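This report describes the ligand site and the internal spaces of a single protein chain, together with its overall fold. The sequence and structure come first, and the description follows.

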Amino acid sequence: MPALPAGLAGHAGAEWLDRYTHALLPTYGVPQRALVRGDGAYVWDADGRRYLDLLGGIATNVLGHAHPTLVGAVSAQLATLGHVSNFFASPQQVALAERLLALLEAPQGSRVFLANSGAEANEGAFKVARRTGRPRILALQGAFHGRTMGALALTHKPDYREPFAPLPGGVEHVPAGDLGALEAALDGDVAALFVEVIQGEAGVRPLPEGYLAAARELTASVGALLVVDEVQTGVGRTGHWFAHTRHGVVPDVVTVAKGLGGGIPVGAMVTLGERASGLLGAGQHGTTFGGNPVASAAALATLHVIERDGLLDNVSSVGRRLAEGAPAAGGSLVTDVRGEGLLLGLHLARPRAKELTAAALEAGFIVNAVGPDTVRLAPPLILTADQADSFLAALPQLVQTAEPDEES
Ligand SMILES: *Cc1c(COP(=O)(O)O)cnc(C)c1O
């Protein structure tokens, strides 16, 4: 076991959490644990307790923790050339852009903008949309596209938006999954429609079958761009490299982040085809760190391991195991499981997501309440069937702890 960083050893988690509340802004509330180490699908807290990480840094640590290939690639790159600014090209940045275009089977003329986060990738897409010269932008009710001001304007949740009004204008939210409403809202003034294939933050809600393909046709018919936010669903999360490809659509813009760097911050906005790629010109967007050699090396290593180790197949099979096993193990509380691959929402019959998440943590499982009645699983793509089974085996007891008075 590697040594803890100097100064961390010997401190109880409680002390770190106390110091946390005195040093950090309370934007995330008070964390439940201080984590100090990870290995594969497991993490350890400051008091030495082990947890199976079924959240994966929020759909981010796709190779789990301390993956040797990722550690090796990042260390080697940092020891060679860490950061150069976007005044210069780097082989890693170019190779990453080419790799993303290849994975997306991008048409002629497609291009990549490298960023540091999902919100930043979506800011880029927002700018692309503005450059059409059209005033209106459509997004879906329940949408989450990030917390910076442009991305926040695309995000639907009033609690996130309202404290920061006025937001960049022109964004309207139409009911998710309602093609009639979409058709009624679309006209020649619409620059773009932003969608997530599965709304992650809204409670792991997939778009209805057929919606994405129809949205592609409807947007194309009025000359509006289709922007698919794959920040949560991309990079193998659903058992496909990107969630939208299964639906047979070619978007105009795809945004990626979370899983892309395997835990190192990196994002991308990919403009597909000549038209979308022609909208942002020289000097119209930029970010100091975006796609720096270390971040790009991390992304290349992550994509390499997903392919080399056949992780897409693992995602499908372990995901199916969890999706099929959870309602059986969850008694009367877990009614069904939404999502695809290893992005799953356990839907609860009663609003006990917080209680179930707390019971899971006590029992050594990290999951996430993504709404009052939905528990999200977004584990590393390396999760094994045995690890999935250990959660399913514990679930009946977790349900019992979460609501001791219910018959299960
Ligand atoms: C997390 C997320 C974002 C924001 O990404 P950050 O890296 O947190 O800025 C945007 N869109 C979707 C769908 C996400 O899940």
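The coordinates are those of a predicted model, and three polar contacts of the ligand are set out below before its wider surroundings are described.

| Protein partner | Ligand atom | Distance |
|---|---|---|
| Ala119, polar backbone atom | oxygen | 2.8 Å |
| Phe144, polar backbone atom | nitrogen | 3.3 Å |
| Lys258, polar side-chain atom | oxygen | 2.6 Å |

Of the 380 Å² of accessible area that the ligand has on its own, the protein covers 82%. The shell around the ligand is formed by Ser117, Gly118, Ala119, Asn122, Phe144, His145, Gly146, Glu196, Asp229, Val231, Gln232 and Lys258. By class, these shell residues comprise three nonpolar, six polar and three charged. Helix α5, which runs over residues 118-130, makes the greatest contribution to the shell, supplying three residues.

Apart from the ligand shell, the model can be described through its pockets and cavities. The second largest pocket encloses about 520 Å³ of space, and among the 23 residues that line this pocket, Arg111, Val112, Phe113, Leu114 and Leu280 are the closest to its centre. At least two lining residues come from each of α4 (91-103), β4 (111-115), β12 (267-271) and α10 (273-277), with β4 giving the most, namely four residues. The lining of the second largest pocket is made up of eleven nonpolar, eleven polar and one charged residues.

How many cavities of 30 Å³ or more does the model contain? The count comes to one cavity of 30 Å³ or more, and the volume of the largest cavity is about 50 Å³. Its lining consists of 14 residues, and Val84, Ser85, Asn86, Gly291 and Asn292 are the ones that lie nearest the centre of the cavity. In terms of class, the lining of the largest cavity has five nonpolar and nine polar residues, and no charged ones.

Turning to the chain as a whole, its secondary structure amounts to 14 helices and 17 strands. The chain is as compact as a globular protein of its length, because its radius of gyration of 21 Å is close to the 22 Å that the globule rule gives for 408 residues. Along the principal axes, the C-alpha trace extends over about 55 × 55 × 45 Å.

Note on methods: Residues are numbered from 1 along each chain as its sequence is written. This is a predicted model: local features need pLDDT of at least 70, side-chain atom pairs count only at pLDDT 80 or more; totals for chains, interfaces and linings use all residues. Side-chain values use heavy atoms; hydrogens and water are left out. A residue is near a molecule or strand if one of its heavy atoms lies within 4 Å of it. A polar contact is a pair of N or O atoms within 3.5 Å; within protein, one must be able to donate a hydrogen and the other to accept it, and residues adjacent in sequence count only if both atoms are side-chain atoms. Accessible areas come from the Shrake-Rupley method with a 1.4 Å probe; for residues, only the protein chains shown count as cover. Ala, Val, Leu, Ile, Met, Phe, Trp, Tyr, Cys and Pro count as nonpolar, Asp, Glu, Lys and Arg as charged, and the others, Gly among them, as polar. On a 1 Å grid over the protein atoms alone, a cavity is a set of points where a 1.4 Å probe fits but cannot get out, and a pocket is an open set with protein on both sides within 12 Å along at least five of seven lines; lining residues have an atom within 4 Å of a point. Grid points are joined across faces, edges and corners, and a volume is the space filled by probe spheres set on the points. The radius of gyration is taken over C-alpha atoms; the globule rule is 2.2 Å times the number of residues to the power 0.38.
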